[in-house]
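Student: I've got this one open on my screen and don't know where to start. Could we go through it bit by bit?

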Amino acid sequence: RHAHLIHTPGLLARDLDAMVLKTRVTELLKIEHPIIQGGMHHVGYATLAAAVSNAGGLGTVTALTQRTPELLRDEIRACKALLKPGKPFAVNFTLLPSLAPPDYGAYAQVIVDEGVPVVETAGRNPGKWIAFFKKHGVTVVHKCVAIKHALTAQRLGADCISMDGFECAGHPGEDDVGNLVLLAKARTALTIPYVASGGVGTGEQLAACLALGADGVNMGTRFMATKEAPVHDGIKAALVKADERSTTLVMKSVGNTERVYKNDVARRVQEIEKENPGKIEAIRHLVSGENYRKSFQESGDPDSSVWSCGVVMGLIDDVPTCEELVRRMVADAERVITGRLPSMVGGRSGLWSMVAGRSRL
């Protein structure tokens, strides 16, 4: 496993001529490919969001990475300036549990004032904000970790669901259910489109998610390991070097489980939690967002803080441009859908005839 931090050499011609995968999500979000870059704290800046959108996916600016609503306005405008004509983008609007919450109303108003076409909501009690954004004509994608939450968001008016499986970076919830089950269950439970979030980084996985009923994928960690991601090369190299066993879970004792990079700081958090279960104040100094902002933006040291990443690291072997990654994924998904899977379907067996006969009864 070697890090190619500038580009991906030897990109095949098929990667540049991928077909278009048309799904409910591409139609809803007006994007070419069913690939979304999810919101990420201290990663979701204009440069990455615009690169993903320009590649035919949907890039996302993270609202609360900006310290004030006006700084968010500046970041949105910076993203617009980098976009090709007609390319949409999104803003992530996460509702965080906090003793001193930010002025969500002011952030929401900036999103509306700036004409952002899509909002990715996440967190608790989103009803008020889903209604607000819908009132102003904004398409809402709500991220959730359980089918019951997805059904609630659907009832509240969300246009699309991002199903976050246990494999995901950040907060996977407390149910520990993976996407193989969540996606299949969402297919029968939901009537609105949904995308797979968590553990996805390849075109083969994109094809698998579509087969399970999803209308696309949402990726975070995989987009961190791209040329345009505004994080230090040291972090990108760590993502390439690591494998699927390189994450661990912290903050379980406070009911806010987070999947993070496995290092000594994360282990120290776990030790403190064993000694002081349920006491966020005992670990606050170690899980502060400012700590990993410094890792991402300044030092590039993956062992210096607690930072979110997913098990998809086991599938990250390079650092391509966003365009190379998106095109490669779509081309690989096409190969699975049109080549490998059809080759497995032979003549109709007696079992098929029996099932078909029953269906006509």
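Tutor: Sure, let's start with a term: a salt bridge is a side-chain nitrogen of Lys or Arg within 4 Å of a carboxyl oxygen of Asp or Glu. Keep in mind that this is a predicted model, where local features need pLDDT of at least 70 and side-chain atom pairs count only at pLDDT 80 or more, while totals for chains, interfaces and linings use all residues. Residues are numbered from 1 along each chain as its sequence is written, and side-chain values use heavy atoms, with hydrogens and water left out.

Student: Okay, how many salt bridges does the structure hold?

Tutor: There are 17. One of them joins Glu114 to Arg77, with the closest N and O atoms 2.9 Å apart.

Student: Which parts does that pair tie together?

Tutor: Glu114 lies in the loop between helix 5 (104-113) and strand 4 (118-123), and Arg77 is in helix 4, so the bridge ties together parts that are 37 residues apart in sequence. Helices here are DSSP runs of H or I with at least four residues, strands are E runs of at least two, and both are numbered from the N terminus.

Student: And is Glu114 buried or exposed?

Tutor: Glu114 is buried, at 9% relative accessible area, whereas Arg77 is partly exposed at 46%. Buried means under 20%, exposed means over 50%, and partly exposed is in between, using a 1.4 Å probe and protein chains only.

Student: What else is linked in a network with Glu114 and Arg77?

Tutor: Glu70, Arg73 and Lys80 belong to that network of salt bridges too.

Student: Got another bridge for me?

Tutor: Try Arg335 and Glu204, whose side chains meet at 3.4 Å, N to O. Arg335 sits in helix 15 (residues 322-343) and Glu204 in helix 9 (residues 203-212), so this pair ties together parts that are 131 residues apart in sequence. Arg335 is partly exposed at 38%, and Glu204 is partly exposed at 36%.

Student: How many residues apart are Arg267 and Asp264?

Tutor: They are 3 residues apart in helix 12 (residues 264-275), about one turn of the helix. Their side chains form a salt bridge at 3.0 Å, N to O. An α-helix has 3.6 residues a turn, so residues three or four places apart point the same way. For Asp264, the relative accessibility is 60%, which counts as exposed, while Arg267 is partly exposed at 36%.

Student: New topic. Which residues touch the most other members of the largest nonpolar core?

Tutor: Phe93, Phe133, Ile161 and Met163 do, out of 84 residues in that core. Helix 15 gives the most to it, with 7 residues. A nonpolar core is a set of buried Ala, Val, Leu, Ile, Met, Phe, Trp, Tyr and Cys residues joined through side-chain atoms within 4.5 Å.

Student: What is Phe133 in contact with?

Tutor: Leaving aside neighbours within four places in sequence, the list for Phe133 includes Phe93, Ala108, Ile111, Val112 and Val119. Contact means heavy atoms within 4.5 Å. Apart from that big core lies another core of 11 residues, among them Met251, Val269, Ile272 and Val306.

Student: Back to helix 5. Which of its residues are buried?

Tutor: Tyr104, Tyr107, Ala108, Val110, Ile111 and Val112 are. The buried residues of helix 5 pack against helix 4, strand 3 (89-95), strand 4 and helix 6 (127-135). Right after helix 5 comes Gly115, with a positive phi near 70°.

Student: Where is Gln66 found?

Tutor: Gln66 is in the loop between strand 2 (59-62) and helix 4. Gln66 is buried, at 9% relative accessibility. Beyond four places in sequence, its contacts are Tyr45, Leu71, Leu72, Glu75 and Tyr107.

Student: What covers the buried residues of helix 11?

Tutor: The cover includes helix 10 (221-224), strand 10 and helix 14 (289-299). In helix 11 (residues 233-241), the buried ones are Ile235, Lys236, Ala238, Leu239 and Val240.

Student: And which strand does Arg259 lie in?

Tutor: That's strand 10 (residues 258-261). Arg259 is buried at 7%, and its C-alpha atom is 5.6 Å from that of Thr248, 11 residues away along the chain.

Student: Last one: which residues of helix 3 meet helix 4?

Tutor: Ala46, Thr47, Ala49, Ala50 and Asn54 in helix 3 meet Glu75, Ala78, Cys79 and Leu82 in helix 4.
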